[in-house]
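Student: Hi! I've just opened a structure I don't know yet. Could you walk me through it?

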Amino acid sequence: LSCVTAPIMEPMDAAQLKSLADAATRGDADAQERLAGVLEQADLQEQAAHWLVRAAAHGHPAAIRRLALREIAGLGLPADPARGYARLSRAAGAGDAEAAHLAAICLVAGLGTPRDLLRGLARLADAAAGGHALARTVLGLLAFGDAPPPGSLDWRELPSRLDLGWFERPFERRVECGAPRIETIPDFLPGWVCAHVMRRAAPALERARVVDEAGGESVRDVRT
(Lines give C-alpha, C1' and ligand atoms only; values in the text may rest on other atoms or scores of the structure.)
Protein backbone atom coordinates (compact mmCIF):
# COMPACT_ATOMS: atom_id res chain seq x y z
CA LEU A 1 0.00 0.00 0.00
CA SER A 2 2.51 2.51 -1.22
CA CYS A 3 0.04 5.37 -1.85
CA VAL A 4 -0.58 6.28 1.80
CA THR A 5 1.03 9.64 1.17
CA ALA A 6 0.52 12.13 -1.62
CA PRO A 7 2.78 12.44 -4.68
CA ILE A 8 5.75 14.78 -4.24
CA MET A 9 4.52 18.36 -4.62
CA GLU A 10 6.32 21.40 -5.94
CA PRO A 11 7.72 23.70 -3.22
CA MET A 12 5.49 26.64 -2.23
CA ASP A 13 6.48 30.09 -1.04
CA ALA A 14 4.86 31.64 2.02
CA ALA A 15 2.18 33.48 0.03
CA GLN A 16 1.15 30.34 -1.86
CA LEU A 17 1.03 28.30 1.34
CA LYS A 18 -1.13 30.94 3.06
CA SER A 19 -3.50 31.03 0.10
CA LEU A 20 -3.80 27.24 0.18
CA ALA A 21 -4.39 27.19 3.94
CA ASP A 22 -7.03 29.92 3.65
CA ALA A 23 -8.88 27.98 0.95
CA ALA A 24 -8.71 24.80 3.04
CA THR A 25 -10.07 26.65 6.07
CA ARG A 26 -12.98 27.93 3.97
CA GLY A 27 -13.91 24.32 3.19
CA ASP A 28 -12.38 23.79 -0.26
CA ALA A 29 -11.91 19.99 -0.39
CA ASP A 30 -9.26 20.14 -3.13
CA ALA A 31 -7.26 22.63 -1.07
CA GLN A 32 -7.67 20.48 2.05
CA GLU A 33 -6.32 17.43 0.21
CA ARG A 34 -3.41 19.43 -1.23
CA LEU A 35 -2.61 20.99 2.15
CA ALA A 36 -2.49 17.49 3.63
CA GLY A 37 0.13 16.63 1.00
CA VAL A 38 2.24 19.65 1.94
CA LEU A 39 2.07 18.69 5.61
CA GLU A 40 2.99 15.09 4.81
CA GLN A 41 6.14 16.25 3.05
CA ALA A 42 7.01 18.23 6.17
CA ASP A 43 6.46 15.02 8.19
CA LEU A 44 3.57 16.63 10.10
CA GLN A 45 1.50 13.48 9.92
CA GLU A 46 -1.18 14.28 12.51
CA GLN A 47 -1.92 17.67 10.91
CA ALA A 48 -2.01 15.99 7.48
CA ALA A 49 -4.50 13.42 8.76
CA HIS A 50 -6.68 16.25 10.15
CA TRP A 51 -7.07 17.83 6.72
CA LEU A 52 -7.61 14.47 5.03
CA VAL A 53 -10.48 13.81 7.46
CA ARG A 54 -12.05 17.14 6.50
CA ALA A 55 -11.57 16.58 2.76
CA ALA A 56 -12.92 13.03 3.01
CA ALA A 57 -16.01 14.36 4.78
CA HIS A 58 -16.67 16.39 1.61
CA GLY A 59 -16.40 13.19 -0.46
CA HIS A 60 -13.01 13.96 -2.02
CA PRO A 61 -12.00 10.62 -3.66
CA ALA A 62 -8.21 10.88 -3.24
CA ALA A 63 -8.60 12.03 0.37
CA ILE A 64 -10.92 9.11 1.13
CA ARG A 65 -8.39 6.62 -0.23
CA ARG A 66 -5.41 8.14 1.54
CA LEU A 67 -7.30 8.46 4.81
CA ALA A 68 -8.35 4.80 4.56
CA LEU A 69 -4.74 3.70 4.04
CA ARG A 70 -3.64 5.83 7.00
CA GLU A 71 -6.25 4.10 9.16
CA ILE A 72 -4.96 0.73 8.00
CA ALA A 73 -1.32 1.68 8.63
CA GLY A 74 -1.88 3.83 11.74
CA LEU A 75 -0.09 6.83 10.23
CA GLY A 76 -0.99 10.13 11.90
CA LEU A 77 -4.02 8.65 13.66
CA PRO A 78 -4.84 5.47 15.61
CA ALA A 79 -4.60 2.27 13.58
CA ASP A 80 -8.02 0.91 12.68
CA PRO A 81 -7.59 -1.46 9.71
CA ALA A 82 -11.25 -2.54 9.74
CA ARG A 83 -12.43 1.06 9.48
CA GLY A 84 -9.92 1.80 6.74
CA TYR A 85 -11.02 -1.21 4.70
CA ALA A 86 -14.70 -0.30 5.19
CA ARG A 87 -13.95 3.20 3.89
CA LEU A 88 -12.26 1.78 0.78
CA SER A 89 -15.09 -0.68 0.25
CA ARG A 90 -17.72 2.08 0.33
CA ALA A 91 -15.73 4.14 -2.16
CA ALA A 92 -15.31 1.11 -4.41
CA GLY A 93 -19.03 0.45 -4.26
CA ALA A 94 -19.62 4.03 -5.38
CA GLY A 95 -17.54 3.42 -8.51
CA ASP A 96 -14.04 4.57 -7.52
CA ALA A 97 -11.76 2.26 -9.53
CA GLU A 98 -8.61 3.10 -7.52
CA ALA A 99 -10.46 2.35 -4.27
CA ALA A 100 -11.64 -0.96 -5.75
CA HIS A 101 -8.04 -1.86 -6.58
CA LEU A 102 -6.90 -1.06 -3.04
CA ALA A 103 -9.85 -2.97 -1.55
CA ALA A 104 -8.84 -5.97 -3.66
CA ILE A 105 -5.34 -5.84 -2.15
CA CYS A 106 -6.83 -5.71 1.34
CA LEU A 107 -9.06 -8.71 0.67
CA VAL A 108 -6.28 -10.83 -0.78
CA ALA A 109 -3.84 -9.87 2.00
CA GLY A 110 -6.38 -9.93 4.85
CA LEU A 111 -5.82 -6.26 5.79
CA GLY A 112 -8.73 -4.96 7.85
CA THR A 113 -10.95 -7.80 6.65
CA PRO A 114 -10.78 -11.60 6.58
CA ARG A 115 -8.73 -12.89 3.68
CA ASP A 116 -11.03 -13.77 0.80
CA LEU A 117 -9.43 -14.51 -2.55
CA LEU A 118 -12.71 -14.71 -4.50
CA ARG A 119 -14.02 -11.39 -3.18
CA GLY A 120 -10.61 -9.86 -3.83
CA LEU A 121 -10.74 -10.95 -7.45
CA ALA A 122 -14.27 -9.56 -7.75
CA ARG A 123 -13.04 -6.18 -6.49
CA LEU A 124 -10.08 -6.37 -8.86
CA ALA A 125 -12.56 -6.96 -11.69
CA ASP A 126 -14.55 -3.91 -10.54
CA ALA A 127 -11.37 -1.85 -10.76
CA ALA A 128 -10.58 -3.23 -14.22
CA ALA A 129 -14.12 -2.52 -15.40
CA GLY A 130 -13.64 1.05 -14.16
CA GLY A 131 -10.57 1.47 -16.36
CA HIS A 132 -7.82 0.85 -13.76
CA ALA A 133 -4.75 -0.01 -15.86
CA LEU A 134 -2.85 -2.08 -13.28
CA ALA A 135 -5.98 -4.08 -12.37
CA ARG A 136 -6.42 -4.90 -16.05
CA THR A 137 -2.80 -5.95 -16.33
CA VAL A 138 -3.04 -8.25 -13.30
CA LEU A 139 -6.30 -9.84 -14.45
CA GLY A 140 -4.80 -10.32 -17.89
CA LEU A 141 -1.79 -12.07 -16.38
CA LEU A 142 -4.00 -14.29 -14.23
CA ALA A 143 -6.29 -15.22 -17.11
CA PHE A 144 -3.90 -15.37 -20.07
CA GLY A 145 -0.39 -15.38 -18.59
CA ASP A 146 0.26 -12.19 -20.52
CA ALA A 147 -1.29 -8.82 -21.31
CA PRO A 148 -5.05 -8.92 -22.03
CA PRO A 149 -5.83 -9.54 -25.71
CA PRO A 150 -6.97 -6.55 -27.78
CA GLY A 151 -10.68 -5.86 -27.97
CA SER A 152 -13.40 -5.53 -25.39
CA LEU A 153 -13.51 -7.87 -22.41
CA ASP A 154 -16.16 -8.52 -19.80
CA TRP A 155 -13.85 -7.79 -16.88
CA ARG A 156 -16.39 -8.76 -14.23
CA GLU A 157 -16.87 -12.17 -15.84
CA LEU A 158 -13.15 -12.87 -16.18
CA PRO A 159 -12.53 -14.10 -12.58
CA SER A 160 -14.90 -17.03 -13.14
CA ARG A 161 -12.46 -18.38 -15.76
CA LEU A 162 -9.42 -18.34 -13.51
CA ASP A 163 -7.72 -21.44 -12.15
CA LEU A 164 -6.97 -20.55 -8.54
CA GLY A 165 -5.33 -23.86 -7.69
CA TRP A 166 -1.86 -22.35 -7.71
CA PHE A 167 -2.85 -19.83 -5.00
CA GLU A 168 -4.39 -22.46 -2.74
CA ARG A 169 -1.92 -25.33 -3.05
CA PRO A 170 0.32 -26.24 -0.10
CA PHE A 171 3.95 -25.23 -0.49
CA GLU A 172 6.88 -27.50 0.22
CA ARG A 173 9.45 -25.92 2.54
CA ARG A 174 13.05 -27.07 2.44
CA VAL A 175 15.52 -26.34 5.22
CA GLU A 176 18.78 -25.47 3.50
CA CYS A 177 20.65 -24.55 6.68
CA GLY A 178 19.83 -25.08 10.35
CA ALA A 179 21.93 -22.28 11.88
CA PRO A 180 21.26 -19.68 10.76
CA ARG A 181 17.96 -21.18 9.62
CA ILE A 182 17.44 -20.77 5.90
CA GLU A 183 14.41 -22.19 4.14
CA THR A 184 13.51 -22.27 0.46
CA ILE A 185 10.17 -22.88 -1.21
CA PRO A 186 10.60 -24.45 -4.67
CA ASP A 187 8.36 -23.03 -7.41
CA PHE A 188 6.93 -20.47 -5.01
CA LEU A 189 6.15 -18.10 -7.90
CA PRO A 190 5.41 -19.00 -11.52
CA GLY A 191 7.61 -17.45 -14.16
CA TRP A 192 5.00 -14.96 -15.38
CA VAL A 193 4.71 -13.45 -11.89
CA CYS A 194 8.49 -12.98 -11.68
CA ALA A 195 8.53 -11.42 -15.15
CA HIS A 196 5.72 -9.03 -14.22
CA VAL A 197 7.44 -7.96 -11.00
CA MET A 198 10.71 -7.34 -12.84
CA ARG A 199 8.95 -5.25 -15.49
CA ARG A 200 7.26 -3.16 -12.80
CA ALA A 201 10.51 -2.66 -10.89
CA ALA A 202 12.79 -1.93 -13.85
CA PRO A 203 12.02 1.83 -14.16
CA ALA A 204 13.01 2.36 -10.52
CA LEU A 205 16.36 0.57 -10.75
CA GLU A 206 19.49 2.66 -10.45
CA ARG A 207 23.06 2.20 -9.33
CA ALA A 208 23.54 2.13 -5.59
CA ARG A 209 25.27 5.09 -3.98
CA VAL A 210 28.50 4.36 -2.16
CA VAL A 211 29.39 6.29 1.00
CA ASP A 212 33.13 7.00 1.17
CA GLU A 213 35.31 7.50 4.24
CA ALA A 214 34.74 11.27 4.18
CA GLY A 215 30.98 10.80 4.31
CA GLY A 216 30.33 11.73 0.70
CA GLU A 217 28.20 9.76 -1.72
CA SER A 218 29.04 8.68 -5.25
CA VAL A 219 27.90 6.24 -7.93
CA ARG A 220 30.57 3.85 -9.13
CA ASP A 221 30.77 1.43 -12.02
CA VAL A 222 31.44 -1.54 -9.75
CA ARG A 223 29.18 -3.85 -7.83
CA THR A 224 29.15 -3.26 -4.08
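Tutor: Happy to; we'll go from the overall picture to a few helices, a pocket, a hairpin and a loop.

Student: Great. What kind of model is this, predicted or not?

Tutor: This is a predicted model.

Student: How many helices and strands does the protein have?

Tutor: The protein has 10 helices and four strands. From the N terminus on, the elements run α-α-α-α-α-α-α-α-α-β-β-α-β-β.

Student: And what box do the C-alpha atoms fill?

Tutor: Roughly 60 × 55 × 40 Å, taken along the principal axes.

Student: What share of the residues is buried?

Tutor: Buried residues account for 33% of the 224 residues in the protein. As for contacts, take those between residues at least 6 apart in sequence: 40% of them join residues at least 24 apart.

Student: Let's zoom in. What can you tell me about α5?

Tutor: Helix α5 covers residues 81–93, which makes 13 residues. From its first C-alpha to its last it reaches 18 Å, close to the 18 Å expected at 1.5 Å a residue.

Student: Which residues of α5 are buried?

Tutor: Gly 84, Tyr 85, Arg 87, Leu 88, Ser 89, Ala 91 and Ala 92 are buried there. What covers them includes α3 (45–57), α4 (61–73), α6 (97–109) and α7 (117–129).

Student: Which residue takes a positive phi just after α5?

Tutor: That's Gly 95, with a phi of about 105°.

Student: You mentioned α6. How far does α6 reach?

Tutor: α6 has 13 residues and reaches 19 Å from its first C-alpha to its last, close to the 18 Å expected. Its buried residues are Ala 97, Ala 99, Ala 100, His 101, Leu 102, Ala 103, Ala 104, Cys 106 and Leu 107. The buried residues of α6 pack against α4, α5, α7 and α8.

Student: Okay, new topic: pockets. What's the volume of the largest pocket?

Tutor: The largest pocket has a volume of about 900 Å³. It is lined by 30 residues, and the closest to its centre are His 101, Ile 105, Val 108, Leu 124 and Val 138.

Student: Which elements give two or more residues to that lining?

Tutor: Those are α6, α7, α8 (133–144), α9 (165–168) and α10 (191–201). α6 gives the most, with seven residues.

Student: So His 101 turns up twice?

Tutor: Yes, His 101 is buried in α6, and His 101 is also among the residues closest to the centre of the largest pocket.

Student: And what about α8, how many residues does α8 have?

Tutor: α8 has 12 residues and reaches 16 Å from its first C-alpha to its last, close to the 16 Å expected. Its buried residues are Ala 135, Leu 139, Gly 140 and Leu 141, and they pack against α6, α7 and α10. After α8 comes Gly 145, whose phi is positive, near 70°.

Student: Now the strands. In which sense do β1 and β2 pair, parallel or antiparallel?

Tutor: Strand β1 (residues 174–178) and strand β2 (residues 181–184) pair in the antiparallel sense, over four bridges. A hairpin of two residues joins β1 to β2.

Student: Which residues face each other there?

Tutor: Val 175 stands opposite Glu 183 in β2. Cys 177 has Ile 182 of β2 as its bridge partner.

Student: A cysteine! How many disulfides are there?

Tutor: With a cut-off of 2.5 Å between cysteine sulfur atoms, the count comes to zero disulfides.

Student: Why do Cys 177 and Cys 194 count as partly exposed?

Tutor: Partly exposed means between 20% and 50% relative accessible area. Cys 177 counts as partly exposed because its relative accessibility is 27%. Cys 194 falls in that class because its relative accessibility is 32%.

Student: Last one: where does Glu 213 lie?

Tutor: Glu 213 lies in the loop between β3 (209–211) and β4 (217–219). Glu 213 counts as exposed because its relative accessibility is 87%, with over 50% as the cut-off.

Student: How are Glu 213 and Leu 118 separated?

Tutor: They are 95 residues apart along the chain, and their C-alpha atoms are separated by 54 Å.

Methods. Residues numbered from 1 in each chain as written. Predicted model: local features only at pLDDT ≥ 70, side-chain atom pairs only at ≥ 80, totals over all residues. Heavy atoms only, no water. Expected span 1.5 Å × (residues − 1). Buried < 20%, exposed > 50% of the residue type's maximum accessible area, 1.4 Å probe, protein only. Contact = heavy atoms within 4.5 Å. Pairing = 2+ DSSP bridges. 1 Å grid on protein atoms, 1.4 Å probe; cavity = no way out; pocket = protein on both sides within 12 Å on 5 of 7 lines; lining within 4 Å. Points joined across faces, edges and corners; volume = space filled by probe spheres on them.
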